[in-house]
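I sat down with one chain and a list of things to look up. My entries follow in the order I made them.

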Amino acid sequence: MIYGASLGPFIKKALEDKAFQTNVGKIVETLSLAPEVSNMDAVILGPKDVRGTSGVAIAETISKKHPSVRVIFLYMKDKEHDLFGDEATKIMLPKLTPQAIKEAVASVIDLNEIGTDGRILESADAKARQREALELRGASTEVVEEEVATTTEEAELPIETIEPERELPKSLEQKLLEMGQFADFHFFKQALSRDEVLSDLLQQNTQYAELVNVLEALDLRVAQVFKNVSLTVEERFALVKQIGMERASYSGLENQMLADKFGAVMDAIVKSAEATVEARVERIREALGVVSGAKLLYHDQARLDELIEKRLGMQAELMELSKDVIEVYMAMDRSITDLVAQMDEELPYNNDYINEVMKPIRAMFIPQNIATVTSRLLGDLQRNRVTLSIMEDKVKQLLTLVFRLCEEDATIIDYQQRLIKLLRAQRIEEVVVVDNLLKHSLRIFVGAPDTGRTATSLTWSGTLARRHNTLLLDLTGSSKFAQYGMDSVQLDELLANRLERPFLCVEGRLELEQVDEVVAELKTRLNYYAYLNVLVDSSQTELLDKLAASALSVHFIADCSPRGTELMKQTIASFQEINIARKVVLIDPPIEPFQMLSELGADPLLTKLVILPRIQHIRMCSLNRVRPFDSREVVEVFEEAFR
C-alpha cells in the first residue's frame, strides 16, 4: 500500500484502492517495519507533513525506516524543495491533480506491484469489503443495509484521525482582504476561478477534505456492490438506493460549503476592490485639483510639462480602472454561473451505467438543498453586482469630469505648449543631450566676412576667460586677431605643443579629413580649457556640419545688412544638426528682431535670440589695436546680451 497523510485525499483519488489515508503519527510508528508486516510499500509526504512538530517526528524516524519502504516528497513551489532532507525522492508538481500524482508515483514505483502480492490490505476500505463479503452471503436485505451504514462509518475513521494542521497558511479570503487599497485586479479575477477556490478550500478546511474523501468512498462502495455476484438484483438495488440517499446528503453538504466559500471570496474581493477604487478616485481628485489650479505657472516649464502629462495619465488610469471593475464582475458572474450549472447537472453516481440503471428514481439522489444553495449564490452575486456598479459609476463620473476639463482647457494647453517652446528657446542649451566629453565645452561661431564675426567671438571669448581658461580657434583663413591687439599662434603649433594660457587665440586652416584628429586633440585639453570656441566662415558648411556633432551651441552672427543676411540665410538653411543649441546674434537690427529672424529663416521657437547694439568702442579698438573685452562697458553689454 501507499500511505499518505495531508495528501491522503488526493492520493486516494489518484491511486484508488492502492492508497491508504492515515496520519503522521501512524506513519512514524510504521516506517521501521517491513512491508510484509505493515503493508506499507511507500509513503507520500507533502510540505504540511514536514512542518512543525510532525516534521520533527518524521525527521527523527526517517533514518530508521525499513530499506524496502520508499519515501516520496511532493511539492509545488521552489522554496519548498529544502523543507525535507535527501532521504526522500523529491518531485515537483506544477499542479496537485490526481493524474499528476499518479504519474509522479509511477516514475518511482511500479504500481502493478502494489496491492497484488496476496496480502490482506489493512485500509478501512479493504476491511469494509472483507466484512461485506462475509456477511452478505447469508444476510437479509435489512442486515445488508445495517452493514453498509457500519462500513461507511468505518470508511470515515482514517479521515477523522488526521491531525489538525498547526500552521495553516493564509486563506484566499485573508489574502484578498489584506490587499486593501493596493489590490491587484488580475489577482481578483484569478481568485474567482473554480480550481483556485477548490484548492484553497481543500487546504484550509479539513472538514471539506474529509467530505470529499467520504464521497469517493461511497462511490467506491456502490461499484463494489454492483460487482458482488453473491447479491440478488433486489439486494443490489436496495443497497445502492440506500448509499445513493446517503451520498445525496453528503453532496448537499459539499454544495453548501462551496457556496459559503464562493460567497466569502466574492465579499473579500468586493471589499478590497471598493477600497482600491475609493483610494484611487480620491488620489485622482486631489491630483486633478493641483493640475487645474496650476494653469498660470508659465515660469516653470518642467512643472507645466509634468502637470499636462499627469492629466493625460489620469484619463488612461480611470479608463483602465473602469475596465478592471467590469472584468471582475464578469469573472464573478462566469464563476457563479458555471458552479450553478454544474450543481444542476450533477449526477447521483460517478458511473454512467449505475446512473442509467437508477434513472427512474434519480430525484431521490439529488441533494435537497440545491435550490437553496443556487438562490444563495445568485443573491450574493446580485448584491456584489450592485456594489461594483456603484464603484463603476464613481469612476465614470470622474472620467467625464476629466474629459470635460481637458476639452475646456484645450486652448490653454496649446498656448502653454507654445509658450514652453519659446521659454525653452531662451534656455536652449539645457535641452541638448551631452553625449561626449567635448560637447559641454565646444561652441561654434559662424559669420560672413566683414559682418563683425571676429569682434563678436573675440569679445565674448575674452569675457568668458575672466571666469575660466578659454581657447578661441579661428578657422576662417582670414584671421583679424592682430587688429584687436591679440597675439595668436598657429594651429600646427597648438597640436605639436601643449600650450596653456588663460586666454589663447589660435588661427589656421583645417581640412575635412583633419577634423577628427583636431577634435580628439581638443578633448585632451579639457583639463585646462573650460571653453573651446571655434570661428568658421559662413561658406564652410561642410566643416560646420562636421564640428557641430561635438558642439554644445552654434552662434549665427548677422550684421543685418542685405548682403550679410542673404549669406547667413543660406548657411542656416543648410545646417541640419539636431542635437545642438541654435543662437542667432543680431548686431544692431534695424527692424523688429523677430521679423529679422524670419528674414534669416530661423524658427523663433527653436532659436535663442541674442541682440547686440552697435558699440562704437569696439570699432575704435579695431583701429587702435586694443582688446575690446578690457572695457567694462563692453563686457556689461555682452554679459546681458548672452545671458
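These are my notes, going from the whole chain to single residues.

**Entry 1: the whole chain**

I noted before anything else that this is a predicted model. I looked up the secondary structure and found 24 helices and 13 strands in the chain. Next I checked burial: of the 643 residues, 49% count as buried. I then looked at contacts between residues at least 6 apart in sequence, and 76% of them join residues at least 24 apart. For the surface, I wrote down that the chain exposes about 31600 Å². Carbon and sulfur atoms supply 52% of that exposed area.

**Entry 2: helix H1**

I turned to H1, which covers residues 8-15. How many of its 8 residues are buried? I found 7, and I put the helix down as mostly covered. The buried residues are Gly 8, Pro 9, Phe 10, Ile 11, Lys 12, Ala 14 and Leu 15. I noticed that a lysine, Lys 12, is on this list. After H1 comes Glu 16, and I read its phi as positive, near 55°.

**Entry 3: Val 105**

I looked for Val 105 and found it in helix H5, residues 98-106. Is Val 105 buried or exposed? It has a relative accessible area of 0%, so I wrote it down as buried. Leaving aside neighbours within four places in sequence, I listed its contacts as Ile 2, Leu 15, Ile 44, Ile 72 and Leu 111. One of these, Leu 15, I had already met among the buried residues of H1. For another, Ile 72, I looked up the spacing: its C-alpha atom is 7.8 Å from that of Val 105, and the two residues are 33 apart along the chain.

**Entry 4: nonpolar cores**

Which residues have the most contacts inside the largest nonpolar core? I found Leu 475, Val 536, Leu 547 and Phe 556, in a core of 42 residues. I followed Leu 547 further. Not counting neighbours within four places in sequence, Leu 547 is in contact with Leu 442, Ile 444, Leu 475, Val 515, Val 519, Val 534 and Val 536. There is also a second, separate core of 39 residues, and Leu 198, Leu 231, Ile 243 and Leu 258 are among them.

**Entry 5: Val 518**

I found Val 518 in helix H19, residues 515-523. Its relative accessibility is 5%, so it counts as buried. Apart from residues up to four places away in sequence, Val 518 touches Leu 495 and Leu 510. I also looked up Leu 494, which is 24 residues from Val 518 in sequence and 9.9 Å from it in space, C-alpha to C-alpha.

**Entry 6: the second largest pocket**

I gave this pocket a volume of about 590 Å³. It is lined by 24 residues. Which of them lie nearest its centre? I wrote down Thr 451, Gly 452, Ala 455, Tyr 484 and Arg 619. The lining divides into 10 nonpolar, 8 polar and 6 charged residues. Helix H17 (453-465) and helix H23 (616-624) each supply at least two of the lining residues, and I took one residue from each helix for the next entry.

**Entry 7: Thr 456 and Leu 623**

Thr 456 is in H17, and Leu 623 is in H23. I compared their cover. Thr 456 counts as buried because its relative accessibility is 3%. Leu 623 has a relative accessible area of 71%, so I marked it as exposed. Beyond its neighbours within four places in sequence, Thr 456 is in contact with Ile 557, Val 585, Ile 587, Leu 612, Phe 638 and Phe 642. The C-alpha atoms of Thr 456 and Ile 587 are separated by 9.1 Å, with the two positions 131 residues apart along the chain counted as their spacing. For Leu 623 I looked up Gln 483, which is 140 residues away in sequence and 7.0 Å away in space, C-alpha to C-alpha.

**Entry 8: two positive phi values**

I ended with two loop residues. Cys 560 lies between strand S11 (553-558) and helix H21 (562-574), and its phi is near 70°, a positive value in a residue other than glycine. Arg 625 lies between H23 and helix H24 (632-642). Arg 625 is not a glycine either, and its positive phi is about 55°. Which is buried and which exposed? Cys 560 counts as buried at 11%, whereas Arg 625 is exposed at 54%.

Notes: Residues numbered from 1 in each chain as written. Predicted model: local features only at pLDDT ≥ 70, side-chain atom pairs only at ≥ 80, totals over all residues. Heavy atoms only, no water. Buried < 20%, exposed > 50% of the residue type's maximum accessible area, 1.4 Å probe, protein only. Helix = DSSP H or I, 4+ residues; strand = E, 2+ residues; numbered from the N terminus. 1 Å grid on protein atoms, 1.4 Å probe; cavity = no way out; pocket = protein on both sides within 12 Å on 5 of 7 lines; lining within 4 Å. Points joined across faces, edges and corners; volume = space filled by probe spheres on them. Nonpolar A, V, L, I, M, F, W, Y, C, P; charged D, E, K, R; others polar. Core = buried A, V, L, I, M, F, W, Y, C linked by side-chain atoms within 4.5 Å. Contact = heavy atoms within 4.5 Å. Areas by Shrake-Rupley, 256 points an atom, 1.4 Å probe, with all protein chains shown as cover.
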